[in-house]
Amino acid sequence: MKKVKMMILDDCPYCHQAFSMMEKLCREHEEYRAVDIEVIEESKEPEKIKGYNYWYVPTYFVDNVKIHEGVPTLEKVEEVYRQALK
């Protein structure tokens with residue numbers, strides 16, 4: 001399984017939406033529960049985001065490839081899980 005990193009900010013409403021979508025997808029698809037997503041709060045762990053090219057949160061990287069950046073949709077968040085399971 002591929003490594004997933006999710007860059008967030010605690011006060012970002014879109015990040016909260018993404019977490020809700022992730023919960024919904026994991027309830028509906030048991031296989032997604034096996035995906036380990038490292039959540040990085042960029043203002044608290046700036047050393048962990050060095051070298052990653054993005055402007056907006058939430059941003060997802062799967063094996064260091066950017067899969068999604070910015071306002072999430074259910075389809076875009078699900079693509080993160082699909083890529084991680086490939």
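**View 1. N64 counts as exposed, at 54% relative accessibility.** Exposed here means over 50% relative accessible area, buried means under 20%, and partly exposed is whatever falls in between (1.4 Å probe, protein chains only). You are looking at a predicted model, so local features need pLDDT of at least 70 and side-chain atom pairs count only at pLDDT 80 or more, while totals for chains, interfaces and linings use all residues. Residues are numbered from 1 along each chain as its sequence is written, and side-chain values use heavy atoms, with hydrogens and water left out. N64 is found in the loop between β3 and β4; strands and helices are DSSP runs numbered from the N terminus (E, at least two residues, for strands; H or I, at least four, for helices). N64 isn't a glycine, yet its phi is positive, about 65°. D63 lies in that β3–β4 loop too. The phi of D63 is near 50°, again a positive value in a residue other than glycine. With a relative accessible area of 41%, D63 is partly exposed.

**View 2. Helices α1 and α2 pack at an angle of about 60°.** Two packed helices are described by the angle between their axes and the distance between the axes. Here α1 covers residues 13-28, α2 covers residues 74-85, and the axes are 10 Å apart. Axes are lines fitted to C-alpha atoms, for helices over the stretch in contact, and angles run from 0 to 180 degrees between N-to-C directions. The two helices are therefore oblique to each other: angles under 35 degrees would be roughly parallel, over 145 roughly antiparallel, 65 to 115 roughly perpendicular, and the rest oblique. α1 passes α2 in a right-handed crossing, the label for a near helix turned clockwise from the far one by less than a right angle, with anticlockwise giving left-handed. On the α1 side the contact (heavy atoms within 4.5 Å) is made by M21, M22, K24, L25 and C26, and on the α2 side by L74, V77, E78 and Y81. That contact sorts into 7 nonpolar residues, no polar ones and 2 charged ones. For the bookkeeping, Ala, Val, Leu, Ile, Met, Phe, Trp, Tyr, Cys and Pro are nonpolar, Asp, Glu, Lys and Arg are charged, and the others, Gly among them, are polar.

**View 3. The model has 3 aromatic pairs.** Rings of Phe, Tyr and Trp (its six-membered ring) pair if their centres lie within 6.5 Å; planes under 30 degrees apart are stacked, over 60 edge-to-face, and the rest tilted. For Y32 and Y81, the ring centres are 4.8 Å apart and the planes sit at 15°, so this pair is stacked. The pair links distant parts of the chain, 49 residues apart: Y32 is in the loop between α1 and β2 (37-41), while Y81 is in helix α2. Y32 is buried, with a relative accessible area of 5%, and Y81 is buried at 2%. Y52, Y54 and F61 form one aromatic cluster.

**View 4. P58 follows a cis peptide bond from V57, and H68 touches P58.** Omega of the V57–P58 bond is about 0°. P58 has its place in the loop between β2 and β3 (59-62). H68 is in strand β4 (residues 65-69) and counts as buried at 5% relative accessibility. Skipping residues up to four places away in sequence, H68 touches P58, T59, Y60 and K76.

**View 5. P72 lies in the loop between β4 and α2.** P72 counts as buried, with 5% relative accessibility. Not counting residues up to four places away in sequence, P72 touches Y14, Q17, A18, M21, P58 and V77. P72 and P13 are 59 residues apart in sequence and 10 Å apart in space, C-alpha to C-alpha.

**View 6. Q83 in helix α2 touches K2, V62 and I67.** As before, that list leaves out residues up to four places away in sequence. Q83 counts as buried, at 17% relative accessibility.

**View 7. E38 sits in strand β2.** E38 is partly exposed, with a relative accessible area of 29%. Apart from residues up to four places away in sequence, E38 touches V4, K5, M6 and K48. E38 and K50 are 12 residues apart in sequence and 15 Å apart in space, C-alpha to C-alpha.
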